[in-house]
Every structure is written in C-alpha cells, then in structure tokens.
Amino acid sequence: MGTKNIRNEMWLSAAILFARQIISASLSLVTLVLALYFIGPVEYGVFVSASSLISIFCAICNLGIGAYLLRSPSKPSSYTYDQAFTILLMTGMTAIVVGVFLLEQISAWVGVVDLKQLAFALLFSIPVVIVSRVPQCKIERQLDYALVAKVELLAIIFRFFLTLFCFIGDLGVWSLVYGWWGFHILTLLGFLYQGKYTPHLCWKIKLLKPMLVFGMKTWLARSIFNLRDLANPLIVAKILGTEAVTIVSIATNLCEVAAIGLGVSQRISGGVFGKFQKNKEKLSTAISEGTFLQVWIVGFFQSTIILIGLLLSKYLDSVWQSALLLLPYVSIYYLVLALIQLNISALYTHNKVGWIIFINIVYVFILMFLAYLLSKRYGINGYGFAVAASSFLLLVFLFANGLRSRADLSTYSVITASFFATLLFVLESSPWAILLISLLFIIKPIREEFKKIMHRIKFGWLKTNME
C-alpha cells in the first residue's frame, strides 16, 4: 500500500472511529445518569470499583499479544492467530483462579459491601474479553476500522438498551453487570463473524516464543501504567467511600468525552505507525502535527465541558457539583496524555520501551503515594491534586530522561497545552474566561501551524482520493 493510500486509510479510519467514540461516550454518559437515578451514587460506585478491577485484570492478561498481531513486520498466518487465541484463553482461565483469591483479599482490605459479589460476577468474563482481541486485530491489521466500528457500535447500543430494560425491571446494580456481559459476548461474536475467523486450539512453541518476546516489554510497560486505575477502586473507595468513587468516575467520564480523539489516535497509530516506521521523516511530521491537533481538541472540549457544567451547576446535585470541581485536576492528565501519546506509541512501534517501564513504575508509585496521602488529608480535592501533580511529574520526568531529544513535539504544542491547563482553572472563577482562547491566535506561529493542519485535514484526504 502506497503512502497516499495509507494517509487515505488513516483519515478515513480516524473519522469512522471518531464517530464511534462520540456515540459511545454519549451513551456512556446517559447510562451514568440513569444509574445515578435508579440505584444512586453509592451502589454505582461499588460497580465502578468492581469493573475497574476486572478491566485491569483483562489488560494484564493480554500479554502484549495484540501489539504483536498489529505491529509484526510479517503478516500473521492463521496458525499465528490460533496460537494467540489459545494462549489468551489459557491466560484468561488462569486469571479466574488467581482472581478469586485476589478479590477476596482486596474486598476485605477495601471494606466495601457487595464489592466481592459484583467483582466475582464480572471475573468470569475475562476469557471472553481478552480472546476477542484476536479477531479484532485481524480486522485492524487491514486498517478496516469501519468494520471494527460497526461491531463495537452494535455491542454498545445493545448494552445500553439491555441495561436500561434491566433498570426498568428493578434489577438494581446487577443491570450494569448484565450490560457488561452482553456487550463483551456480542463483541466477541461480532469480531469472529466479521473477521471471518474460526478459532482453533494450537500450541507451537516456534510461534509462541516470538509472539511473547515481541509484545512482552510493551505488555509490561502498559500493565504497569494501567495500575494507575487502581487508585479509584482501592484508595478512594477505602478512604472516602464509594460515593467518592462515583464522583471520580463522573469527572473521568466527562474528561473522556472531551478526549475522544485520544482514543482514536491510539487505536490507529499501532497499525499506521507500523507501516510508516521505515520512513522517519513522514513519521516525524505525522506525530508532530498530530500532537498539536490533539492538544487543541482535548483542551478546547475540556474547557467547553467545564463551561457548560458551570452554567448548569445550580440545577445539579452535590455529586455532580463535586465532580465539576474535580474536573480541572483530572483534565490535566488528559492534556499530558495528548502531548506524549503519539511519541510513546512510536517508541512502542520501534520496540524502545525499556526505559518507559521504569518511568511508568515511578509515575504509578508517585500517584498512589500522593493519592493516599492527600485523600486522607484533603478529601476528594486532595485526590484531584494528586492526579494533576503526578501527571505533571510524568511529563517532566519523561522529557528530563531523553524523550525530548527524540520527540516530534513542537514548542507550540507545549505552549498550547500550558495555556489550556491554566484556562481550566481560571474558568472555575469566571465562565467568561473561555473567550481567552482567542489569545492563542494572536501568536502568529501557533496560528499558522493551526491553519496548516486544518488545510491538510480539509483537502488532504479528498486530494488523495482524486489522485
């Protein structure tokens, strides 16, 4: 596939996944509102804690297999996919056994009523969740994100209506559990059908060894980074209670709505960067411009959401108002992610992840330490400060230890991110501060950079098609 066709596929994939993310984020917010109405913030917080734990288990059980299937220089054979399916299935079954013991200990430590029952109900879904990655990678390897989005959207809509009907049927917090199971079963079946993949058990060491070696460092780095998500179900739940878990979840959901572009770029970067990895100049340009655009999208939408929240605050209850106060702190993490995500993804593509593992360990330790210390002292706002401070330290530490010399990150991206980070907190004092965004266009280099990227977005894909 030529460079122009790759660019064509990249923009088309981004548009399709962006639409998918918008629908998913919207239904997720509606589900959250319905959950708070039908079961209240305390019970919803218990489900968030349980589902967060199981999601982390699923991420750990992936073993980096998805990274190998997506980024392997040679096209995986049918035997390779079967070997990946087999090892993931075995890992998932093992995770159930280990998870029973771990969840007993975690539930006892946190001391949250009903956490164990909900977590156990979700625990047995781990094999279903992780093996679906195999047929999904088979489709994504071909950059056919339209097919991926179709399957996921169908499953998302099914989960929403199943959860809604269960709420109406007075099934309480278990409505969310049934929605979880329905989503993942339908996702697996959809990917198997659309990917035209029939799984078979396979055990060939010569296939397994390169698969694990290739993805192990990536898996380790991301597994360590994903441990940051334990702060809410473990530390916040234990110190501040499950209602505080709900407050954090609301703030995080709102931030993810604003940062939907990050999910899109992360998903397509694996396949696209894998094809671009030998052309350093084009890869560098794509990362630099992509980062600048990501910062703009995330910063602008986060500011808009905070503004809307402030205008509606008098109509909101105490839980939502607390989430709005927490929102600027959580938003800092997503701005930092917008700055570093594409560079980190490129380093994963080139298998340069050894030092990232160390940095992730330091970052997670600092986050957990600050979250525990500040939550006990300052409550939910202390947790917010811990998230913001640890995110800033992550950025500083990454660039102090060599990423800056290899990064395709313009000064304009850093200036723009710093501006939006300041604006998020200023908005708390005056909604009119949103007008300060216009100040960015006074800086000529930033204005020219923005216009150049917008021109490429507007005409680049169409021109590629015409050619």
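# Nonpolar surface and core in a predicted model

In this predicted model, buried residues make up 55% of the 467 residues in the protein.

Trainee: What does the secondary structure of the protein come to, in helices and strands?

Mentor: Runs assigned as helix and as strand are counted separately along the protein, and the count of strands comes to zero. The secondary structure therefore consists, under the run lengths required of at least four residues for a helix and at least two for a strand, of the following: 20 helices and zero strands.

Trainee: Which helix gives the most to the nonpolar surface patch?

Mentor: The patch, of about 680 Å², is made by Tyr-37, Phe-38, Ile-157, Phe-161, Phe-165 and Ile-168. Two helices, H1 (3-38) and H8 (145-168), each supply at least two residues of this nonpolar patch. With four residues, the helix that gives the most to the patch is H8.

Trainee: Is Ile-157 buried, partly exposed or exposed?

Mentor: Ile-157 lies in helix H8 and is one of the residues that make the nonpolar patch. Buried means under 20% relative accessible area and exposed means over 50%, with partly exposed in between. Because the relative accessibility of Ile-157 is 36%, this residue counts as partly exposed.

Trainee: How are the rings of Phe-161 and Phe-165 arranged: stacked, tilted or edge-to-face?

Mentor: A search of the whole structure finds 12 aromatic pairs. In the pair formed by Phe-161 and Phe-165, the centres are 6.3 Å apart and the planes stand at 35 degrees. Planes under 30 degrees apart count as stacked and those over 60 as edge-to-face, so the pair of Phe-161 and Phe-165 is tilted.

Trainee: Which of the two, Phe-161 or Phe-165, counts as exposed?

Mentor: Both residues lie in helix H8, four residues apart, which is about one turn of the helix. Phe-161 has a relative accessible area of 40% and is therefore partly exposed. Because the relative accessibility is 56%, the residue that counts as exposed is Phe-165.

Trainee: How are the rings of Tyr-333 and Tyr-334 arranged, and are these residues buried or exposed?

Mentor: Tyr-333 counts as buried because its relative accessibility is 8%, and Tyr-334 counts as buried because its relative accessibility is 9%. Their ring centres are 5.0 Å apart with 75 degrees between the planes, an arrangement that is edge-to-face.

Trainee: How far apart in space are Phe-161 and Thr-31, C-alpha to C-alpha?

Mentor: Phe-161 is found in helix H8, and in sequence Phe-161 and Thr-31 are 130 residues apart. In space, C-alpha to C-alpha, the distance between Phe-161 and Thr-31 is 9.4 Å.

Trainee: Which residues touch the most other members of the largest nonpolar core?

Mentor: In soluble globular proteins, nonpolar side chains tend to be buried together. The largest nonpolar core here has 123 residues, and the two that touch the most other members are Ile-54 and Ile-126.

Trainee: Which helix gives the most to the largest nonpolar core, and which residues does Ile-54 touch?

Mentor: In the largest nonpolar core of 123 residues, the helix that gives the most, with 17 residues, is H15 (residues 318-349). When residues up to four places away in sequence are not counted, Ile-54 touches Leu-103, Ala-119, Leu-122, Leu-123, Ser-125, Ile-126 and Trp-180.

Conventions
Residues are numbered from 1 along each chain as its sequence is written. This is a predicted model: local features need pLDDT of at least 70, side-chain atom pairs count only at pLDDT 80 or more; totals for chains, interfaces and linings use all residues. Side-chain values use heavy atoms; hydrogens and water are left out. Patches are made of residues with over 30% relative accessible area and no salt bridge: like charges are joined within 9 Å, nonpolar side chains (Val, Leu, Ile, Met, Phe, Trp, Tyr) within 5 Å. Accessible areas come from the Shrake-Rupley method with a 1.4 Å probe; for residues, only the protein chains shown count as cover. A salt bridge is a side-chain nitrogen of Lys or Arg within 4 Å of a carboxyl oxygen of Asp or Glu. Buried means under 20% relative accessible area, exposed over 50%, partly exposed in between (1.4 Å probe, protein chains only). A nonpolar core is a set of buried Ala, Val, Leu, Ile, Met, Phe, Trp, Tyr and Cys residues joined through side-chain atoms within 4.5 Å. Contact means heavy atoms within 4.5 Å. Rings of Phe, Tyr and Trp (its six-membered ring) pair if their centres lie within 6.5 Å; planes under 30 degrees apart count as stacked, over 60 as edge-to-face and the rest as tilted.
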